[in-house]
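Reader: Could you take me closely through a single part of this model, and state the cut-off behind each term as you use it?

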Amino acid sequence: MSESRSNEAATKRGFGRRSLLRSGAAAAAVSAAAATGCDSRPSTGTGQRWGMVIDLTKCFGCHACSIACKSEQQVPLGFFKSWVITAEKQRPGIAAREFIPVLCNHCEQPPCVAGCPTGATWQRDDGIVVQDDDSCIGCKYCVQACPYDVKYADPLSKTAQKCDFCVHLVDQGFVPSCVNTCNARARVFGDLNDPQSEVSRLITKRRAQPLRPNAGTEPRVFYIGLDPATYEAARRSTDSVPSVGTAGKRG
Amino acid sequence: MDASITYDVPHLTYWDWRIAADLFFGGAGVGAFLFGVASRWWYGRTYRRLTQTAAWIAPILVLIGLGLLMTELGHPERFWRTLTTIQPSSPLWWGGVFQTLFVIGAGAYALSWRSPERHASTRRALEIAVTPIALVVGAYHGLLLALLPARPLWNTGPTVVTAILGVVLTGIAVVLLAHVARARFTGRLADTALVAEFFGGLRHVRRVLGAALLLQALTCLLWWITLRFGPAPTRNALEVANESFGPLFWFGAIGLGLIIPLGLGALAATKKTLADRAELMTVVASSALILIGGFAMRLATILAGQLS
């Protein structure tokens, strides 16, 4: 029952039957490789390139995605792998509130992967950037390298952490937890290599754009209705945020 | 329409004073080694004692830096993975590998100085082998930060030049202080004639130090211009850096570390009648200030850069 509901939800979110079958095959291949112990970093071999589209015109800032992520990923208090930036805009007679959900962009050219001295942060051939906790020395260079500030140093594991698109779910044919939970159905997850997938069609038809396209990282999380100035304002200031540790105002 | 951010999560600055201290001690160690080797190549036996002092302190300083770095790592017990992985795209990997090689090479070089009359050919071979490694480590101290496009304050050309000149300055300063301390404890500063003889041997060094200070002051000016008149992210980065760490940078790094030592050097150069002992004191004071300023520069850079 729950499996069919998840599959239905997955289909609705651009994660079609074909993708599901491919993912199932990939999961089987991963399991087989793991069982034989022949390769700790197996190829998914599916030709997929996972990505996400977030429709900001639908997001109403319920933060359910943040909570789902913390629950699914067991993120410690005070830290986040996915969260929602809230901004207010005012001019005479008009007040507007904008929400920008943020998470790891699983960049095509990930600076965190390039900067890691041990290869603990690496990119699977389906594009998902993952973290190998056993190899991480906790130098935090990847945290400094991320132009989106979506990595953090976990105080419990003492390693760098970030969103991994809920790879454990994706490999079983499901969507990431934040996508499954989104009340507004603002988040769509799917294969960017498939021109017929919902994510590909949304990017083309709705002119979805990534954050900081000039950073040269080629993010694979796209936004519909994004005002880049709002995001930059968030990166410039966290004045309104209660500090934890040595939180500071950003430039 | 300006946006006012009403909710965002805290963004922490993860690198603390220990990273700055790693760069400071590591840089001073590498600079000391290069200064010692250069002194011997250019002036031969004139600076033999100074080269010996430099050779002894170089690996110790780098080890102190690496020790501080280990306390900052989440999993220092896994540091060996850096040496068993090949990650040429990571500046940190280059740093880990080359600092390890440097400690081994500089350690062997220091041991070869236990008996200065022997092992001359071994020393020469080690100088040739370790000097390029030291240069890579010196450059790495700047590239580590400059190769991070995500941090506009660091992602500039002058960041690398400032780091390299910082390596040279702190290296010379720490060797001079150690050299003077060694001379004092071995009784070579007991009377005026000995001081004059000792100080006479340092004249070339003072010129090099003065030139390095001037170059560093110029590079800092270029760095400021790059940030102040660069694109919006760098201007914002400078504004935030000034707000939080301006006093540390301007008074500590520039004032104490550059301006006052330059002033003391100019004073010593113009006052021909200054006694040798007083002139020696200006060298000691300048060296101490350069070290204080060098640490302040790295601390301000590391802490402020993370806010950008």
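**A sheet shared by two chains**

Author: A:Lys89 lies opposite A:Ala96, a residue of β3(A). The model is a predicted one, in which local features need pLDDT of at least 70 and side-chain atom pairs count only at pLDDT 80 or more, while totals for chains, interfaces and linings use all residues. Residues are numbered from 1 along each chain as its sequence is written, and chains are lettered from A and ligands numbered from 1 in the order in which they are written.

Strand β2 of chain A, residues 83-91, pairs with β3(A) in the antiparallel sense over nine bridges, where strands (E, at least two residues) and helices (H or I, at least four) are DSSP runs numbered from the N terminus, and two strands pair if DSSP finds at least two bridges between them. β2(A) also pairs with β1(B), again antiparallel, over four bridges, and here A:Thr86 stands opposite B:Tyr7.

The result is an open, antiparallel sheet of three strands in the order β3(A)-β2(A)-β1(B). Because β3 (94-102) of chain A and β1 (3-7) of chain B each have a single partner strand, they stand at the edges, and one side of each is left without a neighbour in the sheet. Neighbouring strands are turned by 30° against each other on average, direction ignored, with axes fitted to C-alpha atoms, for helices over the stretch in contact, and angles running from 0 to 180 degrees between N-to-C directions. Helix α9 (residues 228-236) of chain A packs on this sheet, touching β2(A), β3(A) and β1(B), and its direction makes about 60° with that of β1(B); contact requires C-beta atoms, placed from the backbone, within 7 Å.

Conventions. Contact = placed C-beta atoms within 7 Å.
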